[in-house]
Amino acid sequence: MARTSSGDPVAGGVLPVDKPAGPTSHDAVAAVRRALRTRQVGHTGTLDPFASGLLLVCVGPATRLAEYLTGMPKTYLATMRLGVATDTDDLTGDMIASSDDWRSISREQVEAALATQVGTIQQLPPLYSAKKVAGERMYAAARRGEEVERTPSAVTIYTIRLTSFDLPDVEFEVECGAGTYIRAIARDVGDALGVGGHLRTLRRTAVGPHSVDGAVPLSELGDAERVAAAMLAPLEAVAQMPRVVVDEAGLALLRHGRAVPASPETPSGAAVALASEGGELLAVGERHGDVVRPRKVFIPTA
């Protein structure tokens, strides 16, 4: 069982953390590890150091849920600055081009450029990114001044909404799938407008159904009550999954690692949460024919 820095016990689960700008995602995980006095901690998707917002941090046995949380849609509030392009596509990089033509850009032009980003598109990753080329992170080669061959990747952007127009800065909200680079959106919109652009601020406001509003600020991890109140039970953390409620007979089957009957509504080809009648996550499985076979069991097996 994990413990807070005050020594109070905290049950495992998924802790929503509000990371400030500055620390890395690794720093945030290390802070949770220290506060809860457990090494069994892992996050479900990184944020750049200059970005802030929601990190879902898995604690204890819930670390086994990480793979089911990383692919959830994410929502961001971002600010791009038109008229300046940087080598990192964000404010941390060096300027590589500039233009004063942003002064004549209209709101309608920006909205049209943003609209071209919606859908499943081919997105060129930033030069300084964590994507691997020949087994090495791209940013490592870029920092050495070496040429890096980049290839576009398919990403899905569900919605983009312009929220503030105060040139040269433009604020927008985006909901997107895993692997999307928001700074690449700023770069590509700036290029489409012919003036260049880069990302100035980025805040992740939601991951799937989980909002940053209920997250614990990184500075308040020592508050046992705050941490306990924010901690998501495993079943709550995977609320996006189809659910099958298991009775006592099904529970006995799961204890032996055996499949349980599927309900008529249980979809195929997707992870399914197997829950007790009392609302506890018993296992995660997949439907095969008329049964759900457990892939990960969260109760002691026989």
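A salt bridge is taken here as a side-chain nitrogen of Lys or Arg within 4 Å of a carboxyl oxygen of Asp or Glu. The structure analysed is a predicted model. In that model, the side chains of Glu286 and Arg295 satisfy the criterion, with an N to O distance of 3.9 Å. The count by this rule comes to 12 salt bridges.

With respect to overall architecture, the protein contains 8 helices and 21 strands. Of its 302 residues, 46% are buried. The exposed surface amounts to about 14,300 Å², of which carbon and sulfur atoms supply 48%. Among contacts between residues at least 6 apart in sequence, 67% join residues at least 24 apart.

The pair formed by Glu286 and Arg295 belongs to a network of salt bridges that links Glu67, Glu286, Arg295 and Lys296. Within this network, Glu67 meets Arg295 in a salt bridge with an N to O distance of 3.7 Å. Because Glu67 lies in helix 2 (residues 66-69) and Arg295 in strand 21 (residues 291-297), this pair ties together parts that are 228 residues apart in sequence. The side chain of Glu67 also meets that of Lys296 in a salt bridge, at 2.6 Å from N to O. This second pair likewise links distant parts of the chain, with Lys296 in strand 21 and Glu67 in helix 2, 229 residues apart.

The members of the network were further examined for solvent accessibility. Glu67 is partly exposed, with a relative accessible area of 42%, and Arg295 is partly exposed at 44%. Glu286 is also partly exposed, its relative accessible area being 30%. Lys296, in contrast, has a relative accessible area of 16% and is buried, the cut-off for burial being under 20%.

A separate region of interest comprises strand 17 and helix 8. In a regular strand, side chains alternate between the two faces of the sheet. Strand 17 (residues 243-246) shows such alternation: Val244 and Val246 point to one face and are buried, whereas Arg243 and Val245 point to the other and are not buried. Strand 17 pairs with strand 19 (residues 271-276) in the parallel sense, over 4 bridges. In this pairing, Arg243 stands opposite Ala273 of strand 19.

Helix 8 spans residues 248-255. At its N-terminal end the helix is capped by Asp247, a side-chain oxygen of which lies 3.2 Å from the backbone nitrogen of Ala249. Gly250, Leu251 and Leu254 are buried in helix 8. Seen down the helix axis, the buried residues fall within an arc of 105 degrees and therefore line one face of the helix. On the other side of helix 8, Glu248 and Ala249 are exposed. The cover over the buried residues of helix 8 includes strand 17, strand 18 (260-261), strand 19, strand 20 (281-288) and strand 21. Strand 21 thus appears in both regions described, since it contributes to this cover and also holds Arg295, the partner of Glu67 from helix 2. Just after helix 8, Gly257 adopts a positive phi of about 70 degrees.

Definitions and conventions
Residues are numbered from 1 along each chain as its sequence is written. This is a predicted model: local features need pLDDT of at least 70, side-chain atom pairs count only at pLDDT 80 or more; totals for chains, interfaces and linings use all residues. Side-chain values use heavy atoms; hydrogens and water are left out. Helices (H or I, at least four residues) and strands (E, at least two) are DSSP runs, numbered from the N terminus. Buried means under 20% relative accessible area, exposed over 50%, partly exposed in between (1.4 Å probe, protein chains only). Contact means heavy atoms within 4.5 Å. Accessible areas come from the Shrake-Rupley method with a 1.4 Å probe; for residues, only the protein chains shown count as cover. Two strands pair if DSSP finds at least two bridges between them. The arc is that of the directions from the helix axis to the C-beta atoms. A polar contact is a pair of N or O atoms within 3.5 Å; within protein, one must be able to donate a hydrogen and the other to accept it, and residues adjacent in sequence count only if both atoms are side-chain atoms.
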